[in-house]
Each structure stands twice: as structure tokens, then as C-alpha cells.
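Reader: I have the structure open now and would like to talk it through with you. Could we start with whatever sits around the ligand?

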Amino acid sequence: MSSTNEPNDLPEVSEAAAGQEPIDLGRIVRHEPAADDPILSDPVFEVSDLSVFYDDYEAVRDVTMSIGHRRITAMIGPSGCGKSTVLRCFNRMNDLIPGARVAGKIAYHGEDLYAPHVDPIEVRRRIGMVFQKPNPFPKSIYDNIAYGPRVNGVRRGLDDIVEEALVQAALWDEVKDNLKGNALALSGGQQQRLCIARTIAVKPEVILMDEPCSALDPIATAKIEDLMKTLARAYTIIIVTHNMQQAARVSDRTAFLTADVDENGVRHGRLVEYDRTTQIFTTPSDKRTEAYITGRFG
Ligand SMILES: Nc1ncnc2c1ncn2[C@@H]1O[C@H](COP(=O)(O)OP(=O)(O)OP(=O)(O)O)[C@@H](O)[C@H]1O
């Protein structure tokens, strides 16, 4: 088991944090990890002053944060604050969006992820992604999992790779007698676990998840959350979620983003606060975080 904090319910917000003072929209709290914070000694990603543009529109501004090895990091915040935009920067998926451009730096194990010599295909192999809507290929369960390894030139041992990925994704027992069956015939929750297995099959280090449970019912969601906690023993996970309880249940760290409106009336996403998940949900430092987690805005 990872060192995940696993509160079952959202902790109560402290009385002090729940004060009714006006929200200071101008203040940005930059979390500086404590000197003994393991994220400092073992970061997978170090994001510095990251801004993301779609053509001339600066969708996200000045994000600085480090992502710890084999941790679950959640990104929460109101719609349009740039969570998915930031998530896509971690595996250069924004490269595929016409007009998208990144400024600032993301270091992956100390290497600039956006340096000219870096191959984005290899980046996406090491840093996989699971999307909101399960998106299996219209192929058999087996071929869905074997697809990535085959593309990477693997010809031998595919049966073992398929089995291992399905076991890790907690799907093996449900599909082992039906590997030739069409993946699209699985339930939504099974399809999402299949997509996780497909991601795992190419042996990534990091799994990015963009609202992986938003199309699923509570039982399927609980299975994916359990799976995430198990996977965090071996993988670094970053999840975007609208579900604060989910962030509180599964993550070690939580980043709260919001969108500020500038003097021209244009909205820009900002990282407001980034800290241990228990800290964010019990004693947040910023009034905007507190307002969001207590349901007063967003
Ligand atoms: N491909 C795109 N082209 C232009 N603008 C975009 C594109 N994708 C996102 N944006 C804009 O960037 C801003 C941030 O969007 P993003 O989807 O990252 O936010 P989000 O916090 O993930 O939102 P949601 O929670 O609703 O999914 C929004 O103003 C959005 O309209």
C-alpha cells in the first residue's frame, strides 16, 4: 500500500478556516514544501512558472509545483480553471492541439520535457493517460491490451503481458475466459479498467487520469479508486477530478486551481494552493480553497 492518506469522508473544515471574511482574489499562495518533504528529494516532475496558451489566450498562468514519486496527486477546481490543460502538459498531449503552446518549464526527472531532442511519442509511452470517457478500441479485450506492446515491436510473451496488465487493473478475473470477446461489450467500469490495463501494458512510469470516473456509477467508481490506491505502489498518478470527496479519498497531495479575471475581463487559470490532501481539506491556507471545498463557490 502506498503512503496514501485515506480518509473515508471529507474531513470537517476547521472553525478558523470556515470564517466568513471576504475572499481575497488577488493573493496567490505558493506552497513551499517543508524541508523534510520527500517530494523535494524525489520529485518525478518539477513544474516552474508554467503558462499554457491557446493561440493568444493564456488559459493557465504561472503554475509551480512538484509531483512526488509513486504518489497520487489530485487537481481540483471549478470548471474552466485549466486542470485538464495542465494535466495534458505532463505528457505533451497539448502538442496535438493546434495553437496550444507552453511557456515555463516542466522537468521530468530533472530533464526538460519540452527540450527539442525529446521525443513526444516516447514521453507518452512513459507517461500514459486515461480519459474521462472509456475509449477501448473496437477490438477484442486481448487485442486492446496487446496493441501498445505490438506497436512497440513486442512479438513474444504477449500472453503474459496481457495477463499481467489485466491482473494489475483488477479485471483479469472478470474477463480471463472471454479474452477474444469485444471490448465494447464490457460495462463502462470494466471498459475504464481495460483502458487502465492498456495504459499499464506499455510499462509507463506515470499515469495521468482526466476525470476517469465521471462517466461511471458509484460502484464502478469505488473499484477504480481502490485500483488507483493499489497502482500507486508502482506508478505515479496524477488525477483531475470534479469530485472533491474522490480527491480526499485517494490522493496524497491536492492542487487547487481557480480562474482569476484580469483587468480586461479575461479569465486565466491559476494554481491557488498545493499541499498535503489532509491539509487542503482541513486547514487550507487560502480563502478561495476554503470557499471551494466548503461549496461556497465553483
Ligand atoms: N483546445 C482548446 N482551444 C482553445 N481553448 C481551450 C482549449 N481547451 C481548453 N481551452 C480553454 O482553456 C481554459 C481551461 O480549460 P480546461 O479544459 O483545461 O479547464 P478544466 O479546469 O479542465 O475544465 P473542466 O473542469 O470543465 O473540464 C478554458 O477557458 C477553456 O475554454
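Author: Sorted by class, the residues in the shell around the ligand are 4 nonpolar, 7 polar and 1 charged. Please keep in mind throughout that this is a predicted model.

Reader: Which residues are around the ligand?

Author: The shell consists of Tyr54, Ala59, Gly77, Ser79, Gly80, Cys81, Gly82, Lys83, Ser84, Thr85, Ile97 and Gly269.

Reader: And which helix gives the most to that shell?

Author: That is helix 2, covering residues 83-89, which gives 3 residues to the shell around the ligand.

Reader: Let me step back to the whole chain. How many helices and strands does it have?

Author: The protein chain has 11 helices and 10 strands. Of its 298 residues, 42% are buried, and among contacts with a separation of 6 or more, 73% join residues that are 24 or more positions apart.

Reader: What does UniProt place at residues 45-284?

Author: The UniProt record, an unreviewed entry, has the feature "domain: ABC transporter" there. In the model, residues 45-284 are 33% helix and 30% strand, with 23 Å between the end C-alpha atoms.

Reader: Which residues touch the most other members in the largest nonpolar core?

Author: That core has 74 residues, and the ones touching the most other members are Met75, Phe90, Ala165, Ala197, Leu208 and Ile237. As a general point, nonpolar side chains in soluble globular proteins tend to be buried together.

Reader: Take Met75, then: what is it in contact with, leaving aside its neighbours within four places in sequence?

Author: Met75 is in contact with Lys83, Val86, Leu87, Ile238, Val240, Ala255 and Leu257. One of these, Lys83, also belongs to the residues around the ligand.

Reader: Now helix 7. Is it largely enclosed or largely open, and why?

Author: Helix 7 is largely enclosed by the rest of the structure, because 12 of its 13 residues are buried. The buried set includes Arg193, Leu194, Cys195 and Ala197, and Ala197 is also one of the core residues that touch the most other members.

Reader: What do those buried residues pack against?

Author: The partners are strand 6 (127-130), helix 4 (141-151), helix 5 (158-168), helix 6 (172-175), strand 7 (206-210) and helix 8 (218-231).

Reader: How does the span of helix 7 agree with 1.5 Å a residue?

Author: The 13 residues, 188-200, should span 18 Å at that rate, and the end C-alpha atoms are 18 Å apart, so the two agree.

Reader: Changing topic to backbone angles, what is notable about the phi of Asp55?

Author: Its phi is positive, near 50 degrees, in a residue other than glycine, whereas in general most residues other than glycine have a negative phi. Asp55 lies in the loop between strand 1 (43-54) and strand 2 (57-68), and it counts as exposed because 9 other C-beta atoms lie within 10 Å.

Reader: And what about Glu211?

Author: Glu211 is not a glycine either, and its phi is positive at about 50 degrees. Glu211 sits in the loop between strand 7 and helix 8 and counts as partly exposed, with 19 C-beta neighbours inside 10 Å.

Reader: One last loop: where is Glu263, and is it buried or exposed?

Author: Glu263 is in the loop between strand 9 (253-261) and strand 10 (267-276), and with 5 C-beta neighbours inside 10 Å it counts as exposed. From Glu263 to Tyr292 the C-alpha distance is 23 Å, and the two are 29 residues apart in sequence.

Key: Residues numbered from 1 in each chain as written. Predicted model: local features only at pLDDT ≥ 70, side-chain atom pairs only at ≥ 80, totals over all residues. Helix = DSSP H or I, 4+ residues; strand = E, 2+ residues; numbered from the N terminus. Expected span 1.5 Å × (residues − 1). Buried ≥ 20, exposed ≤ 12 C-beta atoms within 10 Å, placed from the backbone. Contact = placed C-beta atoms within 7 Å. Near = placed C-beta within 6 Å. Nonpolar A, V, L, I, M, F, W, Y, C, P; charged D, E, K, R; others polar. Core = buried A, V, L, I, M, F, W, Y, C linked by C-beta atoms within 7 Å. UniProt positions renumbered as here; feature names shortened; annotations may be inferred.
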